[in-house]
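Trainee: Before we look at any single feature, could you show me how to read this model step by step, with the general idea first and the case afterwards?

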Number of protein chains: 2
Amino acid sequence: MNTPETTSPATTSPETTSPEHVRRVACVGAGVIGGGWVAHFLARGYDVTAWDPAPDAGRKLRRLIDAAWPTLTSLGLAEGASTDRLTVTDTLEQAVADTEFVQESAPEKLDLKRDLLARMDAATPPGVVIASSTSGYPMTDMQTTAANPSRLVVGHPFNPPYLIPLVEVVGGERTDPAAVAWASRFYEVAGKSVITMDDEVPGFIANRLQEALWREALHMVASGEATVRDIDRSITEGPGLRWAVMGPMLTFALAGGEGGMAHMLDHFGPSLKSPWTRLEAPELDKALYDAVVAGCDEAADGRSLADLVAERDQGVVDVLRATGRLDRGEGSR
Amino acid sequence: MNTPETTSPATTSPETTSPEHVRRVACVGAGVIGGGWVAHFLARGYDVTAWDPAPDAGRKLRRLIDAAWPTLTSLGLAEGASTDRLTVTDTLEQAVADTEFVQESAPEKLDLKRDLLARMDAATPPGVVIASSTSGYPMTDMQTTAANPSRLVVGHPFNPPYLIPLVEVVGGERTDPAAVAWASRFYEVAGKSVITMDDEVPGFIANRLQEALWREALHMVASGEATVRDIDRSITEGPGLRWAVMGPMLTFALAGGEGGMAHMLDHFGPSLKSPWTRLEAPELDKALYDAVVAGCDEAADGRSLADLVAERDQGVVDVLRATGRLDRGEGSR
């Protein structure tokens, strides 16, 4: 379907459909994540084939899509989008036989992922990119048994994939960089927000960050330091409100006031030695100090402190308003 | 100012003003956090005295308040709220001499906090609660040199204190539980969202969680695994969008689908052994498993999975809309 007048930024073989012209997508595994992908692709107007070995998978998938569809409709469906464009197949091979992209969302077991990716590779047309939703396995470890590992990439989404924009894209040692570029471009066309990683890091970026938070939370529950409810409230009423608007690095830079991240590191650097989490901090040497300060300057991208503060404040106010958190104080004052 | 017909839930002495009747608040330290507290209290209609030893502190404080005031006005000021109700004093003693509550927001240095709290205690009227904005020092370690340690509590805010609702309140070994209760109630009356902790934990709750995330982020920058910009985007485009709506525990429970947190732990429990962060996870034994599952059930508070999914989805959509993230996909589909 690649038309002569279109230049595709990367294709894995001459017969590969360009990211802009993909019409048919296959989802292998249709649980919470795979089903969320199905809902996303349907809402973006794709024809979707889905397969899942669980006996009641089709019923659960329909239920998930029905629950998500009103939300997706309110967000605005792509032209021609319809839940009728879903076909649930009896076999994996049927799901991928005629597809232009495959998203695998099987349970998080390395052996299972390996076997499934090899099976999918064997049944998928040549040149079609196959992406795994794995939460953290490096593709190098998953592509070991596939005949054509070059087209296997990680495309890691966040739950629910039909609402949270981020997809982390990275290849393995045997992945063709063109497949990584193709997948990144395809996800963008499909309405996602993409971070393409140059190197494999277990857990990628966002999952390493949220896994650190999750493990600290589990420690706190295990030791009786906090309840599940306190942990959740501490985020939704606190840092979580900022993180929807501005990331943790720039957020902390603003806490440094006019001195920015440099002042923040001067001020809170010593706290890296404090037992404020079970995670040991890196040595805050000059190289790290400079990298963090320069990175924040770069991320600020010319915006002044006043600009950033105003942006953050307006963003937080919008989030507070959108989530019904205003006027909660009790006093008349 | 305690009137006979009002029952105060907790007072630290007969002459203590009830939380509902406080009119005068003192802020010691007027940098980014202290100044943010000043802006918050002014917007809630209090008379505020502020002191900071920095030579240009008054100028910076006025600038911070001027920048925040339009936002606070759009949120709705309390009756009578005015920036004219701020008095910047020349000495700490003048700031606290006639106050009904004190918020300390000095730099994060233990010796400095200890000395300052002792000085503040000596100059503040008897029975008035003094709270520290410390990011993580236990009050037990800070109250060692004060003559009246019983009225010293931690009231830990998040930047900016005039927008982020959360305050974590906890006392030290020598704090009167009545002072903790008074402070918690006062912050609620003043429009904050309070978590009162029974026990001292360094970093409290939210800061332990965000410090774990922060340290993992610093490690990633130090090792070249991710840039500052990638780290920030990975949160704002990913988990950060959920965390403004639903905390990390309940968010993960929803990823377990109809099996909830129990299924999530069955599925991702083994990942606790994976190197997805530098933080070692606790042993997922039966006690922890049960505590997390029961905690999520309790936090769900009778809401079904479908209810929770609908709530999360609507919340995320509202946040996406409020922060201008809709219609960002490029494709026509």
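Mentor: Let us begin with the vocabulary: helices (H or I, at least four residues) and strands (E, at least two) are DSSP runs, numbered from the N terminus. With that in hand, D301(A) can be placed in the loop between α12 and α13 of chain A, and its phi is positive, about 55°, although D301(A) is not a glycine. This is a predicted model, in which local features need pLDDT of at least 70 and side-chain atom pairs count only at pLDDT 80 or more, while totals for chains, interfaces and linings use all residues. Residues are numbered from 1 along each chain as its sequence is written, chains are lettered from A and ligands numbered from 1 in the order in which they are written, and side-chain values use heavy atoms, with hydrogens and water left out.

Trainee: Is D301(A) buried or exposed?

Mentor: The classes rest on relative accessible area: buried means under 20%, exposed over 50%, and partly exposed in between, with a 1.4 Å probe and protein chains only. D301(A), at 58%, counts as exposed. F204(A), in the loop between β8 (193-196) and α7 (206-222) of chain A, also has a positive phi without being a glycine, near 55°, but at 1% relative accessibility F204(A) counts as buried.

Trainee: What should the span of helix α2 of chain B be, and how far apart are its end C-alpha atoms?

Mentor: The expected span of a helix is 1.5 Å times one less than its number of residues. For the 19 residues of α2(B) (residues 57-75) that gives 27 Å, and the end C-alpha atoms are 26 Å apart, which agrees. There is nevertheless a kink of about 40° at W69(B), shortly before the proline P70(B), where the bend at a residue is the angle between axes fitted to the seven residues ending there and the seven starting there. After the helix comes G76(B), with a positive phi near 105°.

Trainee: Which elements do the buried residues of α2(B) pack against?

Mentor: An α-helix has 3.6 residues a turn, so residues three or four places apart point the same way. In α2(B) the buried residues include L61(B), L64(B), I65(B), A68(B) and L72(B). The buried residues of the helix pack against α13 (305-322) of chain A, together with α1 (32-43), β2 (47-51) and β3 (86-88) of chain B.

Trainee: At what angle do α1(B) and α2(B) pack?

Mentor: Axes are lines fitted to C-alpha atoms, for helices over the stretch in contact, and angles run from 0 to 180 degrees between N-to-C directions. Here the angle is about 45°, with the axes 9 Å apart. That makes α1(B) oblique to α2(B), given that angles under 35 degrees count as roughly parallel, over 145 as roughly antiparallel, 65 to 115 as roughly perpendicular and the rest as oblique. Taking contact as heavy atoms within 4.5 Å, the residues of α1(B) that meet α2(B) include V32(B), G35(B) and L42(B).

Trainee: Which residues of chain A is N159(B) in contact with?

Mentor: N159(B) sits in the loop between β6 (152-156) and β7 (166-171) of chain B and is buried, with a relative accessible area of 7%. Neighbours within four places in sequence aside, N159(B) is in contact with R242(A), L254(A), A255(A) and R312(A), as well as V32(B), I33(B) and I164(B). A cis peptide bond, with omega about -5°, joins N159(B) to P160(B).
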